[in-house]
Amino acid sequence: MSDVLIMRHGEAAPGYPDQARRLTRHGELEAEKMGRWLAERLASGELCMPRIYASPYARAQQTAQRLCAALETSLETLDFITPDDAPGAVSDWLLEQPEGAPIILVSHMPLVGELAGLLVEGSPAQGVGFPTAAIAELEAEVWAAGCAQLKRFTQPSQLL
């Protein structure tokens, strides 16, 4: 059984084009707080070192870079996890990934909500609302529609 952690980027400033929108100071702090929380879980042995992937959009890259700094690991970019991409394509990609290390996907609404809905409930229409920098932690034997369980949902406001 493997884990996938689906994370929405931290709070971003308005702007145009959408791909260039950057984190606000609050968004930076949210991402750093979640990075510290993940690092504590890693240090305690509760979490194995994850592979971190992010959307190419600036705000997702900035969020993921803060996680990578906290966990002392590298970042990979996935072009198909932007806001309006299809959750089915992400599910198909997850099916191709080797067993082992947890995967963290740093992306955007509506994709993060639709992906969690697809994997847990079997339908993207059953999506989950994600506050900024929230993480849904899922586990599954196979990453297909309706086959995952939501283990934990954590947002920055829940952490000290």
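Where does Pro 17 lie? Pro 17 is in the loop between S1 and H1, the labels for helices (H or I, at least four residues) and strands (E, at least two) being DSSP runs numbered from the N terminus. Before going further, note that this is a predicted model, in which local features need pLDDT of at least 70 and side-chain atom pairs count only at pLDDT 80 or more, while totals for chains, interfaces and linings use all residues. Residues are numbered from 1 along each chain as its sequence is written, and side-chain values use heavy atoms, with hydrogens and water left out.

**The loop between S1 and H1**

Select Tyr 16 together with Pro 17: the peptide bond that joins them is cis, with omega at about 0°. Then move along to Thr 24, which belongs to the loop between strand S1 (2-8) and H1. The side chain of Thr 24 reaches the backbone nitrogen of Gly 27 at 3.0 Å, a polar contact here being a pair of N or O atoms within 3.5 Å, where within protein one must be able to donate a hydrogen and the other to accept it, and residues adjacent in sequence count only if both atoms are side-chain atoms. If neighbours within four places in sequence are set aside, Thr 24 is in contact with Glu 11, Ala 12 and Ala 13, contact meaning heavy atoms within 4.5 Å.

**The sheet**

Next, display the strands alone. They include an open sheet of six strands in the order S3-S2-S4-S1-S5-S6, with mixed pairing, where two strands pair if DSSP finds at least two bridges between them. The edge strands, each pairing on one side only, are S3 and strand S6 (149-154). From one strand to the next the twist averages 25°, with axes taken as lines fitted to C-alpha atoms, for helices over the stretch in contact, and angles running from 0 to 180 degrees between N-to-C directions.

Within this sheet, select S1 and S4, which pair in the parallel sense over five bridges, and find Val 4 opposite Ile 103 in S4. Helix H3 (residues 87-95) packs on the sheet and touches S1, S2 and S4, its direction making about 160° with that of S4.

Ile 103 is also the bridge partner of Arg 51, in a parallel pairing where four bridges join strand S2 (residues 51-54) to strand S4 (residues 103-107). S2 also pairs in the parallel sense with strand S3 (residues 75-77), over three bridges, and there Tyr 53 stands opposite Glu 76.

**From S2 over H2 to S3**

Add helix H2 (residues 58-71) to the selection, and S2, H2 and S3 appear as a right-handed β-α-β unit; the crossover is called right-handed if, with the strands pointing away from the viewer, the path from the first strand over the helix to the second runs clockwise. In the loop between H2 and S3, stop at Glu 72, whose phi is near 55°, a positive value in a residue other than glycine.

**H1 against H2**

Now select helix H1 (residues 25-44) with H2: their axes come within 8 Å and cross at roughly 35°. Among the residues that meet are Ala 31, Leu 38 and Leu 42 in H1, with Leu 67, Ala 70 and Leu 71 among those in H2. By class, this contact has eight nonpolar, three polar and four charged residues, where Ala, Val, Leu, Ile, Met, Phe, Trp, Tyr, Cys and Pro count as nonpolar, Asp, Glu, Lys and Arg as charged, and the others, Gly among them, as polar.

**Gln 97 and Pro 110**

Gln 97 is the next selection, in the loop between H3 and S4. Its side chain makes a polar contact of 3.5 Å with the side chain of Arg 51, and the side chain of Gln 97 also reaches the backbone oxygen of Trp 93 at 3.0 Å. Apart from neighbours within four places in sequence, Gln 97 is in contact with Arg 51, Tyr 53 and Ile 103.

Beyond S4, select Pro 110, in the loop between S4 and helix H4 (111-121); the peptide bond from Met 109 to Pro 110 is cis, with omega near 5°.

**After S6**

Finish at Gln 158, in the segment after S6, where its side chain reaches the backbone nitrogen of Gln 155 at 2.7 Å. The C-alpha atoms of Gln 158 and Ala 134 are separated by 9.8 Å, although the two residues are 24 residues apart along the chain.
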